Amino acid sequence: MNIQYLKPILFFIPLAVVQLVIVPLISISNIAPNLVFVLIAYFTLRHGQIYGTILGFILGFLLDIISGGLIGAFMFSFTVSSFVVGYFYGENKIDINLSTYFLLFILFICGSINSFLFAVVSSSNSNLSLFFMMLEEGILPGLYTALFGLPIVIFHPKEGI
Amino acid sequence: MRKFLRRLVSDYKEYLLLIILSIISLSILAQNEKPAAKHLKSIALGNFAVLNEITSSFVSILKSDGSRDNLRSENAHLMLELNRLQKYRAENEELRSMIASKDTSVYPLIPAKIISKLITKSQGNFVVNKGSDYEIKKGMPVINDKGLVGLIMDVTENYSVVQNLYNSNLSIAVTLQRTNVDGILNYDGNNLIIKDIPTTYDVQIGDIVETSNFSSLFPPSIPVGKVLKKESNILGLLHTLTVMPFADISAANNLFIIKIIPSKQINQLEMNLIK
């Protein structure tokens, strides 16, 4: 495995523990942020679309097998959403993307796509309306996830801007 | 041709990668019930759950009181007993004698602690710190001191995955305790609902909902919740009941696994009916 992928995987382990143990304590009406997605988005915005898509695939697989959920659900949603994050990548835009509030916008859009896709592939309940899924399983978790981009915006060095 | 293909791959490599990885993900998703996938999941879950358990015990360090756990266990037993007695009062002599043979309060309870939760709007899962070492098997019902919480879906040596009531993939055969009206309880992403109950049936707000005799997943008479709201459909022929669970699923921490597995004979009969 490329050494480039080891760093996010090392970050992933404690973050996955936080996601599965601490995050449920701060969930609101079963709407919870996805910290692993924040990690994937961060590394995608630093290294590009192809890197991000592969990273989303790997970390999605790992989260699937350790969370007790369906194997393939996070894999698929992380792969597609990190691909979308990759569209915001630019070699000259790394600092702008990571140090400004634009990061929150990226996390909101792509986090919503991620949550929505996860809901679509993991739910077998055909009674759920598309509107409900988009709002409560897409936009709201996306909004909550975006909030967790704030520490990155605040603490990322702003030298390049 | 080869040149063209090479150019195609180099120009659209991101899209090709996305398509390939998406196809792999979706095909793995379709293979979830295969033994290899289950084996992989149980190994990963078993190893990673150790980390979750350490973190979880650190987080709940103030709550780790043994006497409180014992009281909770006793409370859960009493809850099942109370529900059985309420049922006795409500039912006639004939039904009472039939139900006595399916007494849920005599099943042993295995206390377990939630060590991690997968929180999504419609896919509620818990991982608990007891597994096959405690003779826990797939299909055992999970309760807390208030009522039904969910069902064991996967078991490793030391840990189990619980699919809770807030999981849209879980359907439970339930009955209204007062009138014995049967229905199927589902989670619609917002509420627990029982659909298609004829409006001619006697249903009142506050009626207690419990697991049905017809359930092949759960033993009968486990309290689930109470009717919070009833809504008629456009034609006014059918009701949709909204059920408020007794157990606070989101805040659940200590659970009890009822040591019972669904009857193989009932399952076999159901399979024969399907055939």
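Q: Which residue of strand 7 of chain B does B:Ala173 stand opposite?

A: B:Ala173 stands opposite B:Ile184 there. Strands in a sheet are paired by hydrogen bonds of the backbone, in a parallel or antiparallel way. Here a strand is a DSSP run of type E with at least two residues, a helix is an H or I run of at least four, and both are numbered from the N terminus. Two strands count as paired when DSSP finds at least two bridges between them. Strand 6 (residues 172–176) and strand 7 (residues 182–187), both of chain B, are antiparallel and share four bridges.

Q: Before we go on, what kind of model is this?

A: It is a predicted model: local features need pLDDT of at least 70, side-chain atom pairs count only at pLDDT 80 or more, and totals for chains, interfaces and linings use all residues. Residues are numbered from 1 along each chain as its sequence is written, chains are lettered from A and ligands numbered from 1 in the order in which they are written, and side-chain values use heavy atoms, leaving out hydrogens and water.

Q: In what order do the six strands of the barrel with strands 6 and 7 of chain B close?

A: The order is 6-7-8-11-10-9, with antiparallel pairing. From one strand to the next, the twist averages 40°; axes are lines fitted to C-alpha atoms (for helices, over the stretch in contact), and angles run from 0 to 180 degrees between N-to-C directions. Chain B also has a closed, antiparallel barrel of six strands that runs 1-2-5-4-3-12. In that sheet, neighbouring strands are turned by 45° against each other on average, direction ignored. Strand 2 (residues 123–128) and strand 5 (residues 160–167) of chain B run antiparallel, joined by five bridges. B:Val128 has B:Ser160 of strand 5 as its bridge partner.

Q: Is B:Asn186 buried or exposed?

A: Buried means under 20% relative accessible area, exposed means over 50%, and partly exposed lies in between (1.4 Å probe, protein chains only). B:Asn186, in strand 7 of chain B, has a relative accessible area of 19%, so it is buried.

Q: Which residues are buried in helix 2 of chain B?

A: In an α-helix there are 3.6 residues a turn, so residues three or four places apart point the same way. In helix 2 of chain B, the buried residues are B:Leu17, B:Leu18, B:Leu21, B:Ser22, B:Ser25 and B:Leu29. They cover an arc of only 125° around the axis, which puts them on the same side of the helix; the arc is that of the directions from the helix axis to the C-beta atoms. On the other side, B:Ile23 and B:Ala30 are exposed.

Q: How many aromatic pairs are there over all chains?

A: Rings of Phe, Tyr and Trp (its six-membered ring) pair if their centres lie within 6.5 Å; planes under 30 degrees apart are stacked, over 60 edge-to-face, and the rest tilted. The count is 13 over all chains. In one of them, the ring centres of A:Tyr144 and A:Phe148 are 5.9 Å apart and the planes stand at 50°, so the pair is tilted. A:Tyr144 counts as buried at 14% relative accessibility, whereas A:Phe148, at 29%, counts as partly exposed. One aromatic cluster is formed by A:Phe37, A:Phe74, A:Phe78 and A:Phe118.
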